[in-house]
Amino acid sequence: MPVLLFESIAFGISLIAFIYGFFTVYLSNSPMYFKLMVSAVGCYTLEELWVIVNAICGVENDTFSIRLIGIIGCYCTFLTASSRGLTNLLGKDAVNKKIPKYAALIAPLIVVLIFAFGLSKAHIHQGLFFIAILMLVFLPMVLDSYFELRSLLLPMDEKKKLKIIKLLNVLVLIQYVISLSYMLITGMNTLLVMDVISAIGMALIVIVSRKGALIWKA
């Protein structure tokens, strides 16, 4: 019952957030960057749907599942938003500053180190194939962490419109920290609470994206 309760809360939060973003951001004349952020939350909602199905029906934790598709889709969409969508929004000159471009390389390095440490500590019994699947899931996160930090390190513009972008960068990086921490936590109750926190984070991404869309359309 606790699993179904907490996962239902997480699914409900993410679903409401996605529906709100779909109508207020995706269907409006908003920059593609913010639409992609909402799309990523939609993929996350799909991942949470799998958890609900698993809790209700007792579906086996197969390697390939809706959850896998949803989480890869979420990370890949974040990556597309930060690499392509943000370039279209700010322009190539703004996002290719030399200092943040090279300083941001530390982000994927940290993610790889945490991932490797997590693998060494996690109790994984499914073999090398399952580890390869995990690496496939986390690869978009590794790549996107670079673009998120690069954007976060950009100098503030005169109108301070980048504050919204930087806040989104922080929220996405927090989501990655939560995802990596799943490899190290074994307590079920803690994992359930983290699922709810992660869903709240996704809802905040939609809310901030809505605000950003209004500012950048002005």
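How many of the 20 residues of α8 are buried? The answer is 14, so this helix is largely enclosed by the rest of the structure. Keep in mind that we're looking at a predicted model here.

**The helix itself**

Let's stay with α8, which runs over residues 162-181. Does its length come out as expected or not, going by 1.5 Å a residue? For 20 residues the span should be 28 Å, and the end C-alpha atoms sit 29 Å apart, which agrees.

Gln175 is a residue to click on in this helix. With a relative accessible area of 4%, Gln175 counts as buried, because the cut-off for that label is under 20%. Leaving out residues up to four places away in sequence, Gln175 touches Ser198, Gly201, Met202 and Ile205.

**A pocket that α8 helps to line**

Now for the empty space. Rolling a probe the size of a water molecule over the atoms shows where such space is left. The second largest pocket has a volume of about 220 Å³, and 14 residues line it. If you want to find its centre on screen, go for Ile110, Val111, Ile114, Leu173 and Val177, the lining residues that lie nearest to it.

Which helices supply at least two residues each to this lining? They are α6 (106-121), α7 (128-152) and α8. Of these, α8 gives the largest share, with six residues. As for chemistry, the pocket lining has 12 nonpolar and two polar residues, and no charged ones.

**A closed cavity**

Searching the whole structure for cavities of 30 Å³ or more turns up one. The space inside is about 30 Å³. Its lining is made up of Ser82, Leu86, Val95, Phe147, Arg150, Ser151 and Leu154. Two elements give two or more residues each to that lining, namely α3 (66-90) and α7. The largest share, three residues, comes from α7. So α7 turns up in both places: it gives residues to the cavity lining and to that of the second largest pocket.

Here are the two spaces side by side:

| Space | Volume | Largest share of lining | Lining by class |
|---|---|---|---|
| Second largest pocket | about 220 Å³ | α8, six residues | 12 nonpolar, two polar, no charged residues |
| Largest cavity | about 30 Å³ | α7, three residues | four nonpolar, two polar, one charged residues |

To pull α8 together: 14 of its 20 residues are buried, Gln175 is placed in it, and six of its residues line the second largest pocket.

How values were computed. Residues numbered from 1 in each chain as written. Predicted model: local features only at pLDDT ≥ 70, side-chain atom pairs only at ≥ 80, totals over all residues. Heavy atoms only, no water. 1 Å grid on protein atoms, 1.4 Å probe; cavity = no way out; pocket = protein on both sides within 12 Å on 5 of 7 lines; lining within 4 Å. Points joined across faces, edges and corners; volume = space filled by probe spheres on them. Nonpolar A, V, L, I, M, F, W, Y, C, P; charged D, E, K, R; others polar. Buried < 20%, exposed > 50% of the residue type's maximum accessible area, 1.4 Å probe, protein only. Contact = heavy atoms within 4.5 Å. Expected span 1.5 Å × (residues − 1).
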